[in-house]
Amino acid sequence: INTRRGRKFYMTTLGNNGFILFCSLFLAGTFRILYEVVINNNFTSLGYLIHGATLYDYSATIECHKQPLDPQYGGGLIANPGFDKGIEAWKIDGHVKIEARESGGNKFIVAYNRTTPYSVSQSFHLKKGLYYAFSAWVQLSEGSDTVVAMIYNSAQKTVIIVGSVIAKSGCWSMIKGGLTVDHNAPSVLHFQSNNTKSELRVDSVSLKEFTKYEWQENRLKNIEKVRKRTLRVNVSNKDGKKIGGAKIKIQQRKLQFVIGCATPSSILMSESYQKWFVSRFTTAVFDNEMKWYYVEGLQGHENYSTPDAMLKFFEDHGIDVRGHTVLWGADNIQRWVKDLPPRQLLSESVRRMGSIMSRYAGKLVAWDVVNENLHHPLFEERLGKNASAMFYKIASSLDSKATMFLNEFNTLEHPGDMVSIPSKYVEKLQEIKAFPGNEELVIGIGLQGHFDSHPNIPYVRAVFDLLGETKMPIWLTELNVMPCSNQAYYLEEIMREAFAHPAVKGMMIWIGWKPDRCNEMCLLNYELQNSPSGDVVDKLFAEWKTTNLTGVTDKEGSFEVKVFHGDYEITVYNPNSGANVTKEVQVYDDRSETLHVSISL
């Protein structure tokens, strides 16, 4: 169907197990097409695109700007988002005064004389089943503090934190986040800051709704854009003459995007588990077996026999390994480490780094250097502000080939955890990189991803947008979803969000198989059969892999196809001469539109 604006829509007929409800509506001088697909309650596995859906705005910034940018989506549901109409549609929230101001041609709202954290608010109606993308710009008149955007849902009588940022004086900071709701309800947006001595300034507020299918189409379009590349195979004979009619077979051997899995030492004891693991994953991480308390429970008594055996197993099977973890300041560390005075804590920590990192240097692809140091800042508290930064410098000198990661929880999973919000994560990252010698260090962004029973999918995408602005590689390092009726469904949603986002380079599922217990999420049950979550992983592996692709060269001797980034084996057969050649090719994302591969028969 061609609309007056030139959009094209296509209707696809499905099999007996599903149907499409097609409607066409005349809206704002154009047609808007809505598809409702019911296929085992799963839309995204079909891979069909709904053409004409609202494009998601992936733009974000982690810098403090002199002036805010315009509201995304023109403000969406927000009335008077740029305050061109003064304070119209905005209300006083708590004991505060509000007014509209203008500076340098920019108009904004100000909450002042605050005696509580509250400032300004606006009311609207939110609907179940929609995805809401949120953004706003905030500034303080003095000092700095975390500004939180939250929405009160009157039906559930709950407050949902949709985003936050460390706001400053003299410049504008961007909040980006999102939410979904379980009930249709009147709702109220609030902005809060505990720095009541400061004025709180707000501008360019946006809340944009997406249908489930619009949200999914944006993912599908992005996968086509950031995870695939056009491959053109050009076939000729030894004299350079182009060969038409040559048969092409393309087989993917490895996906460039990393999908790995955590495992305990039980993998050494079960051949069935070993076969299951190595047939799927390209990267492994150990559950506890590399942690300090595991290899040195008693001071001075190290035992690396288990991690050595695990590493050898994965090396023998061509599987990469992440190092988890070098140092960790959590409460469950050894008592003898906790009791050390600062000078001995420093020397023992450096000795620990030298012990494990020298042992495995050049054998691992990544290290979690100081695990969870936003939540567990033991080393900063005992050794000084630059303790972690110093450890990262030491780590990079001990193993220059591996990527050093800052591994943290709740940055992605729980917007209400103010300890590890994206702007505080970025602040810690910048602090480490500012340390002398660390300026050019690539620090991987490790987002653990331990999700509860109701993940906030729009917030997940917004965090990827924000942290992607660091230009550092993002990995989900410990991905799982707590036990619930929708565990497998939410695992799939999160994996799809990660795979579709250009800033994300890999994800590690936590965990494969635990023969004694599985408290959270395992991909295999006790009988070594796939759990529903294991089925999800297998389904996505199949969907994101280009396998057994065949074709024939045209009269120009070429065959062109779009494939997922990865390692490939291309076989060319000339039926006229009987000659055949097999070539290994890496189809990676290097920003070139087409990869030309020439094969001579």
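## Helix packing and a few odd spots

Helix 1 and helix 11 are oblique to each other, because their angle falls outside the bands set for the other classes (under 35 degrees is roughly parallel, over 145 roughly antiparallel, 65 to 115 roughly perpendicular, and the rest oblique). This is a predicted model, so local features are taken at pLDDT of at least 70 and side-chain atom pairs only at pLDDT 80 or more, while totals for chains, interfaces and linings use all residues. Residues are numbered from 1 along each chain as its sequence is written, and side-chain values use heavy atoms, with hydrogens and water left out.

**Helices 1, 11 and 12**

Back to that oblique pair: helix 1 (residues 212-226) packs on helix 11 (residues 487-500) at about 45°, and the axes are 8 Å apart. Helices here are DSSP runs of H or I with at least four residues, strands are E runs of at least two, and both are numbered from the N terminus. Axes are lines fitted to C-alpha atoms, for helices over the stretch in contact, with angles from 0 to 180 degrees between N-to-C directions. The crossing of helix 1 and helix 11 is left-handed (near helix turned anticlockwise from the far one by less than a right angle; clockwise would be right-handed).

On the helix 1 side, the contact (heavy atoms within 4.5 Å) uses K212, W215, Q216, R219, N222, I223 and V226, and helix 11 brings Y489, E493, R496, E497, F499 and A500. The contact of helix 1 with helix 11 sorts into six nonpolar, two polar and five charged residues. In this scheme Ala, Val, Leu, Ile, Met, Phe, Trp, Tyr, Cys and Pro are nonpolar, Asp, Glu, Lys and Arg are charged, and the others, Gly among them, are polar.

Helix 11 also packs on helix 12, where the axes come within 8 Å and cross at roughly 30°. That pair therefore counts as roughly parallel, and helix 11 passes helix 12 in a right-handed crossing. From helix 11, Q487, A488, L491, E492, M495 and R496 meet P532, S533, V536, V537, K539, L540 and E543 of helix 12. The tally for helix 11 with helix 12 is seven nonpolar, two polar and four charged residues. R496 of helix 11 takes part in the contact with helix 1 and in the one with helix 12.

Helix 12 is also home to G534. G534 is buried, at 1% relative accessible area (buried is under 20%, exposed over 50%, partly exposed in between, with a 1.4 Å probe and protein chains only). From G534 to M521, 13 residues away along the chain, the C-alpha separation is 9.5 Å.

**Helices 6 and 8**

Helix 6 (residues 342-360) meets helix 8 (residues 387-398) at about 30°, axes 10 Å apart. That angle makes helix 6 roughly parallel to helix 8, and their crossing is right-handed. L346, S349, V350, M353, G354, M357 and S358 of helix 6 touch M390, F391, I394, A395 and L398 of helix 8. There are nine nonpolar, three polar and no charged residues in the contact of helix 6 with helix 8.

**Helices 9 and 10**

Both spans below are set against an expected value of 1.5 Å times one less than the number of residues.

| Helix | Residues | Length | First to last C-alpha | Expected span |
|---|---|---|---|---|
| Helix 9 | 422-434 | 13 residues | 18 Å | 18 Å |
| Helix 10 | 457-468 | 12 residues | 17 Å | 16 Å |

In helix 10, 12 of the 12 residues are buried, so the rest of the structure largely encloses it; among them are R461 and D465. The buried residues of helix 9 include Y425, V426, L429 and I432. They pack against strand 9, helix 7 (378-383), helix 8, strand 21 (403-408), strand 22 (443-447) and helix 10.

**Loops worth a click**

Most residues other than glycine have a negative phi, and most peptide bonds are trans. K157 has a positive phi near 50° and sits in the loop between strand 8 (144-153) and strand 9 (158-168). At 63% relative accessibility, K157 is exposed. N548 also has phi near 50°, in the loop between helix 12 (532-543) and strand 26 (549-552). H324 and T325 are joined by a cis peptide bond, omega about -5°, and T325 is in the loop between strand 17 (320-323) and strand 18 (327-328).

Finally, Y588 is in the loop between strand 29 (580-587) and strand 30 (594-600) and is partly exposed at 28%. Beyond its neighbours within four places in sequence, Y588 contacts R229, Q256, H565, G566 and D567.
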